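Biologist: Please take me through this model and, for each label you apply, set out the reasoning behind it.

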Amino acid sequence: MTDRPLTRNIDLNRGPLDIAGYEAADGYQSMHAIAKGLSPDDVLNIVKTSGLKGRGGAGFPTGLKWSFVPRGDGSPKQKYLVVNADEMEPGTFKDRLLMEGDPHLLIDGMLVAAYTIQANMAYIFLRGEYIDAENALKKAVKEAYERGYLGKNILGTGFDLDIVLHTSAGRYICGEETALLNALEGRRANPRAKPPFPQVSGLWGKPTIVNNVETLCNLPGILAYGVDWYQGLSRGVDHGTKMFGVSGKVKNPGCWELPLGTPVRELLEGHAGGMRDGLELRAFLPGGGSTDFMLPQHLDLNLDYDEIGKAGSRLATGTMIVLDDQTCPVGMVGNLMTFFAHESCGFCTPCRDGLPWVDEIFRGFEAGTGNQKDLQILHDHIEYLGPGRTFCALAPGATAPLGSGLKYFAEDFEKHITEQRCSYKH
Amino acid sequence: MSVQMSSDSSMIASTSTRARKLNAAEIAEIEHEMTLYPDKQAVGLEALKIVQKHQGWVSDESLLGIAKYLDLPASDLEGVATFFNLVYRQPVGRNVILFCNSVTCWIMGCDDLRRHITHSLGIDFGQTTEDGEFTLIPVPCLGDCDKAPVMMVGEKMQRKLTRDSIDELVVEVRIQPKARDDV
Ligand SMILES: Cc1cc2nc3c(=O)[nH]c(=O)nc-3n(C[C@H](O)[C@H](O)[C@H](O)COP(=O)(O)O)c2cc1C
Ligand code: SF4
Ligand code: FES
C-alpha cells in the first residue's frame, strides 16, 4: 500500500518502469482482481462508492458518469473509451508528468474503465507536442499486448481491449470532450450539441466515455487496495490524492501528489517554497487559466472541490499559477484573454467576436489608450460570455480570470487608464 | 530579413488542380492508419500528419493527393487542415520553434525572449528565417510551466530559457541540420 498511488513509481532520474517493474510494484492488480470474479457492475459500484471525481477540470463524479452508458443485452455492442490527454489549459502540467513518468498506470486505469463500460476499443487522444509521453506510451502499450493485458480474452476474462494512441494536430478546443470526438473522427473540432451526451452517442455515434488521464490513473489503486484505503488518503471532504502544481515566481515551482484537503498554504509555502526573495504574493489562479483569482486571504482554505468553490473559484486542474506583486495583473489577465481569443473555435458569435474585442481592449490598456468606456465593455462581457450564452465552456472559462481580475485589481485597471500607461516593468 | 508568409497563399488550394502522387512510404503509413479507424474521414487527418512528417508541410498538391487517394472531397480536407495549428499549409523552416506564450511563460519573461529571437534571427511569429532554418510559431502552454519559459525546437523541449541559452541553441542547430525528404 502507498499514500501516493499516482506518483509512487515516478522517478525523474530514470526512465519509467517497464512492465516487469510495474507488475512488481503491484501493477495490473486491478485486472487480476477483475479476473478473480468482479462483474462490470461490481467495479462500477466500487468506483461510485470511492467518491472519485473527474480530474479533467469539471470534477464530475466518475462512477456516475459511467453509469449513463447503456448496459445489458439491448445496448449497442460497440462502445468506446477515450482518454483525454490533450492537456493544454494554461498553467497545467500534471498529465504530462503522469504519462512520461508511469505510462503503465494509465493503461492499467484504462483497463478498469473499459471493462466497466464494456468497451473493446480505446483511444488515447494525446497532445501532439507531447513527444516524450508518446514514446513512453507506445512502448508501454506494446509491452501490455505482449504480456496479455491488451488484446483478446484478457487474463481469461473473455474481455477484449485494443488501444490506439492518437496524436492530435493541435488547438485547445480539442480538450473539450465533444470537440475531441470530432477531432478523432477527422473533422473540424467544433464542440457538439448536448444532448445527446457522449455516454449515449459519442464517437461515431456509439456510447463513449471520455476521461482525463489523472482520473484514470486513480483507478488501479482503488481496485487493488479498496475503497477504505482510498478514502483514508484524503485530509478533507473529497477523496483520494490529487496532482497539485505551482508555477510562477515561487522558489521551487513543481508538481506534487498530495491528499485532497491539503491547505493551500502548505502547497504554496511548503512544497513550492513560497515567493522568491523580494516578491510578495498578490493573487493566484488555483487550477489553470479558466479559474477565478484567489487572494492571500484564501491561503488557509483547503484544496477541496467545495471549499475552493465557496471562495468563488474552482479547483479545476489543481495547478496553481502565482501572481507576484511586481508583475502587472492587467497584463496577466490580458495574456489569458489573448489565449482565449486565439483558441476560440469560431462556432458561436459571443465567443468568436467577443473575445477578440476583449483582447483588443487589453492591448489598448497596455499601449496607454484605454478609457472608462473600455472598462464598461469588459464588465459587460463577463455576462455576454458567461455560462449559458455560448455553445461550450471555453468562453465562460475566460470570464473567470476576467471577472475576478476586474474585481480584485480594480485599482490597477484604473491606473492604466488615468496614467495612460502600464507602470509595471515587463 | 524575413520571408513573410503571404496571407493569400491559402487561396491556391482552390486553383491548384495537380495532385501529387503520394510516395510509397506515405502510402504504407496511411494504409496502417486505415486499420486503426473505422472510416476514411478519420484517416484523412492522420494522412495530413503523415504527409507533413515526410514533406515538412502540406502543399496544395499534397492535399489534393491525399483527397484523391482516400476519395475524400478536397474542400472537406482543406477545412480540416486549416483548423488544426500543427498542420502547416505553408512551407516552414527545417526547425519549427513552438514558442510558449501562455500565462506562466509570460510571467517568467517570454515577451523579452520573443523580442530577442526577433532581434537575433530576424523573425517574429509566423515567419521563417531567410536560410530556411527556423520558423517561429506561438503555441499554447506546453505543460512544463514549472520550468518556464519554455519552447520546443523540432521534437525537443527547451526549458528554463534565457537569452543566452537561446543563442547557444541556435548555433547548435545551425551546425547540425535536420534531414528531411525534401531537403
Ligand atoms: C475548452 C475546454 C478545454 C478542455 N481541455 C481539457 C483537457 O485538455 N484535458 C481534460 O482532461 N479535460 C479538458 N476539458 C474538460 C473535458 O471537456 C472533460 O470534462 C473531461 O475530459 C472529462 O474527464 P473527467 O471526467 O475524467 O474529468 C476541457 C474543457 C473545455 C471546455
Ligand atoms: S464558446 Fe467559443 S470555443 Fe466554444 S463553441 Fe463557442 S466559439 Fe467555439
Ligand atoms: S505557460 Fe508555458 S509551459 Fe505552461
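Biologist: Where does Pro149(B) lie, and what makes the peptide bond from Ala148(B) to Pro149(B) cis?

Modeller: In this predicted model, Pro149(B) sits in the loop between strand 4 and strand 5 of chain B. The bond from Ala148(B) to Pro149(B) has omega near -5° and is cis. Chain A offers another case: the bond from Pro195(A) to Pro196(A) is cis, with omega near 0°. Pro196(A) belongs to the loop between helix 8 (177-184) and strand 4 of chain A.

Biologist: How do you know that strand 2 of chain B pairs with strand 4 and with strand 5 of chain B?

Modeller: Two strands count as paired if there are at least two bridges between them. Strand 2 (residues 95-100) and strand 4 (residues 134-139) of chain B have 6 bridges, in the parallel sense, so the criterion of at least two is met. Strand 2 and strand 5 (residues 151-153) of chain B are joined by 3 bridges and run antiparallel, so this too is a pair. Leu98(B) takes part in each pairing: it stands opposite Ile137(B) in strand 4 and opposite Met152(B) in strand 5 of chain B.

Biologist: Why is strand 2 of chain B called mostly covered?

Modeller: The label follows from a count: 6 of its 6 residues are buried. On one side these are Asn95(B), Ile97(B) and Phe99(B), and on the other Val96(B), Leu98(B) and Cys100(B). Both faces of the strand are therefore covered, buried being under 20% relative accessible area.

Biologist: Why is Trp57(B) called partly exposed?

Modeller: Its relative accessibility is 23%. Buried would require under 20% and exposed over 50%, so a value in between is called partly exposed. Trp57(B) is placed in the loop between helix 3 (40-55) and helix 4 (60-70) of chain B. Beyond residues up to four places away in sequence, it touches Val51(B), Gln52(B), Tyr88(B), Arg89(B), Gln90(B) and Pro91(B). Trp57(B) and Val96(B) are 39 residues apart in sequence, and their C-alpha atoms are 11 Å apart in space.

Biologist: Asp71(B) and Arg171(A) both have a positive phi. Which of the labels buried and exposed does Asp71(B) receive, and which does Arg171(A) receive?

Modeller: Asp71(B), with phi near 60°, lies in the loop between helix 4 and helix 5 (74-83) of chain B. Its relative accessibility is 65%, so it counts as exposed, the cut-off being over 50%. Arg171(A), with phi near 85°, is in the loop between strand 3 and helix 8 of chain A. At 13% it falls under 20% and therefore counts as buried.

Biologist: How do you know that Cys110(B) is in no disulfide?

Modeller: A disulfide requires two cysteine sulfur atoms within 2.5 Å. The nearest cysteine sulfur to that of Cys110(B) belongs to Cys105(B) and is 5.8 Å away, so the requirement is not met. By this rule the count over all chains is 0 disulfides. Cys110(B) is buried, at 0% relative accessibility, and Cys141(B) is buried at 3%.

Biologist: What makes the sheet of chain A parallel and open, and which strands are its edges?

Modeller: Its 4 strands follow the order 3-2-1-4, and the pairing is parallel. Strand 3 (162-167) and strand 4 (208-212) of chain A are the edges, since each pairs on one side only. Strand 2 (residues 121-126) and strand 3 of chain A are paired over 6 bridges, with Phe125(A) opposite His166(A). Helix 7 (residues 131-146) of chain A packs on the sheet, touching strand 2 and strand 3, and its direction makes about 165° with that of strand 3 of chain A.

Biologist: Which residues touch the most other members of the largest nonpolar core?

Modeller: They are Phe362(A) and Phe84(B), in a core of 115 residues. Helix 14 (residues 329-343) of chain A gives the most to this core, with 8 residues.

Biologist: How many residues does each chain bring to the contact between chain A and chain B?

Modeller: Chain A brings 54 residues and chain B 38 residues. The area buried between them is about 3,700 Å², with 62% from carbon and sulfur atoms. On the side of chain A, Glu129(A), Ala169(A) and Arg188(A) lose the most area, together 17% of what that side buries.

Notes: Residues are numbered from 1 along each chain as its sequence is written. Chains are lettered from A and ligands numbered from 1 in the order in which they are written. This is a predicted model: local features need pLDDT of at least 70, side-chain atom pairs count only at pLDDT 80 or more; totals for chains, interfaces and linings use all residues. Side-chain values use heavy atoms; hydrogens and water are left out. A nonpolar core is a set of buried Ala, Val, Leu, Ile, Met, Phe, Trp, Tyr and Cys residues joined through side-chain atoms within 4.5 Å. Buried means under 20% relative accessible area, exposed over 50%, partly exposed in between (1.4 Å probe, protein chains only). Helices (H or I, at least four residues) and strands (E, at least two) are DSSP runs, numbered from the N terminus. Contact means heavy atoms within 4.5 Å. Axes are lines fitted to C-alpha atoms, for helices over the stretch in contact, and angles run from 0 to 180 degrees between N-to-C directions. Buried area is the accessible area (1.4 Å probe) that two parts lose on being put together, summed over both.
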